[in-house]
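Got your viewer open? Let's take a walk through this protein together, one selection at a time.

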Amino acid sequence: MNLSSNEIITILLFLLPGFVTAAVFFSYTSHLKPSPFERVIQALVFTILNHATVEVLRLCGRTFYWFSMQTDVVWIRGAVARVALVFDTIPDALLYVVIAVLLGFTAVYITNNDTFHRILRRYKFTAEDSYPSEWYSAFAQSRTYVVLHLIGQRRLYGWPKEWSGNPDNGHLLIAECEWLDGDQRISVEDVDTMLIPVSDVEMVEFVTLNQEGQE
């Protein structure tokens, strides 16, 4: 099927809100960007959500406007009429982009906080979480000190400030670092944080803290 340039532009403009939402989502989460074909599918899904959200907001606005017009309070009717006029003057393209950005950040919040999957787990619908890997999930849900078992039988104790979303590459940013030698702790002087390659980590221990925050 051959499409004219105008038809291609029309399709791209229709999908634009979905691409905006997807761009926001992948910019602020640790999920890997999918293949180009999968991106188009995701953009289509986000576009449908975007258009549905806009239509729901418009329906709510019309309903609120109708109810407000039933009141005898003049200032309420005038205020609602002015808001409706401003809303009608907003270009559709701008409205869709704004809603796309808001949807993107909503998806980011839900994903980074495991909100939706936590509800599903509570009611036994799934055992999965919204994080990109078990590695990322362990660090995100276990906010405590860790012991990194490194290549060469070295052990590093500290607080994980940042971590890679992929267990095969990336780095761990560790603060309050101490080397462990048997039961002895060796403080790392004049070092604020250490950047450890994930490839050097053989195992991670998550330290249990008591109620006073001590080990």
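**Start with the rings**

Colour the aromatic side chains, and keep in mind that you're looking at a predicted model. There are nine aromatic pairs in this structure.

Now select Tyr28 and Phe105. Their rings make a tilted pair, with centres 5.3 Å apart and 40 degrees between the planes. Tyr28 sits in the loop between helix H1 (5–27) and helix H2 (36–69), while Phe105 belongs to helix H4 (residues 92–112), so this pair ties together parts that are 77 residues apart in sequence. Are these two residues tucked away? Show the surface and look: Tyr28 has 49% relative accessibility and counts as partly exposed. Phe105 is also partly exposed, at 41%.

Next, select Tyr131, Trp135, Tyr136, Phe139, Trp163 and Phe206 together. Ring pairs link these residues into a cluster.

**Zoom out**

Switch to a cartoon view and colour by secondary structure. How many helices and strands does the protein chain have? You should find six helices and six strands. Follow the chain from the N terminus and the order reads α-α-α-α-α-α-β-β-β-β-β-β. The radius of gyration is 25 Å, well over the 17 Å that the globule rule gives for 215 residues, so the chain is more spread out than a compact globule. If you draw a box around the C-alpha atoms along the principal axes, it comes to roughly 80 × 55 × 40 Å.

Turn the surface on again. About 14,600 Å² of the chain is accessible, and 61% of that belongs to carbon and sulfur atoms. Buried residues make up 29% of the 215 residues. Colour by charge, too: the chain has 15 positive and 24 negative charges, and the mean positions of the two sets are 11 Å apart.

What about contacts along the chain? Take those between residues at least 6 apart in sequence: 54% of them join residues at least 24 apart.

**Four residues to click on**

*Ser130.* Look in the loop between helix H5 (115–122) and helix H6 (134–141). Is Ser130 buried or exposed? Ser130 has a relative accessible area of 8%, so it counts as buried. Leave out residues up to four places away in sequence, and Ser130 touches His31, Ile110, Thr111, Asp114 and His117.

*Gly165.* Move to the loop between S2 and S3. With a relative accessible area of 18%, Gly165 is buried. Which residues is Gly165 in contact with, leaving aside neighbours within four places in sequence? Show Ser30, Pro132, Ser133, Trp135 and Tyr136 as sticks to see them. Trp135 and Tyr136 should look familiar, as they belong to the ring cluster you selected earlier. Then try the distance tool from Gly165 to Thr29: they are 136 residues apart in sequence, yet their C-alpha atoms are 9.2 Å apart in space.

*Asn166.* Stay in this loop, between strand S2 (154–163) and strand S3 (171–181), and click on Asn166. Asn166 is buried as well, with a relative accessible area of 19%; the cut-off for buried is under 20%. Beyond residues up to four places away in sequence, Asn166 touches Trp135 and Val198.

*Gly61.* Finish in helix H2, where you'll find Gly61. Gly61 counts as partly exposed, at 36% relative accessibility. Use the distance tool once more, this time to Val83: the two C-alpha atoms are separated by 9.7 Å, and the residues are 22 apart along the chain.

How values were computed: Residues are numbered from 1 along each chain as its sequence is written. This is a predicted model: local features need pLDDT of at least 70, side-chain atom pairs count only at pLDDT 80 or more; totals for chains, interfaces and linings use all residues. Side-chain values use heavy atoms; hydrogens and water are left out. Helices (H or I, at least four residues) and strands (E, at least two) are DSSP runs, numbered from the N terminus. The radius of gyration is taken over C-alpha atoms; the globule rule is 2.2 Å times the number of residues to the power 0.38. Buried means under 20% relative accessible area, exposed over 50%, partly exposed in between (1.4 Å probe, protein chains only). Contact means heavy atoms within 4.5 Å. Accessible areas come from the Shrake-Rupley method with a 1.4 Å probe; for residues, only the protein chains shown count as cover. Lys and Arg count as positive and Asp and Glu as negative; His and the chain ends are not counted. The place of a charge is taken as NZ of Lys, CZ of Arg, CG of Asp or CD of Glu. Rings of Phe, Tyr and Trp (its six-membered ring) pair if their centres lie within 6.5 Å; planes under 30 degrees apart count as stacked, over 60 as edge-to-face and the rest as tilted.
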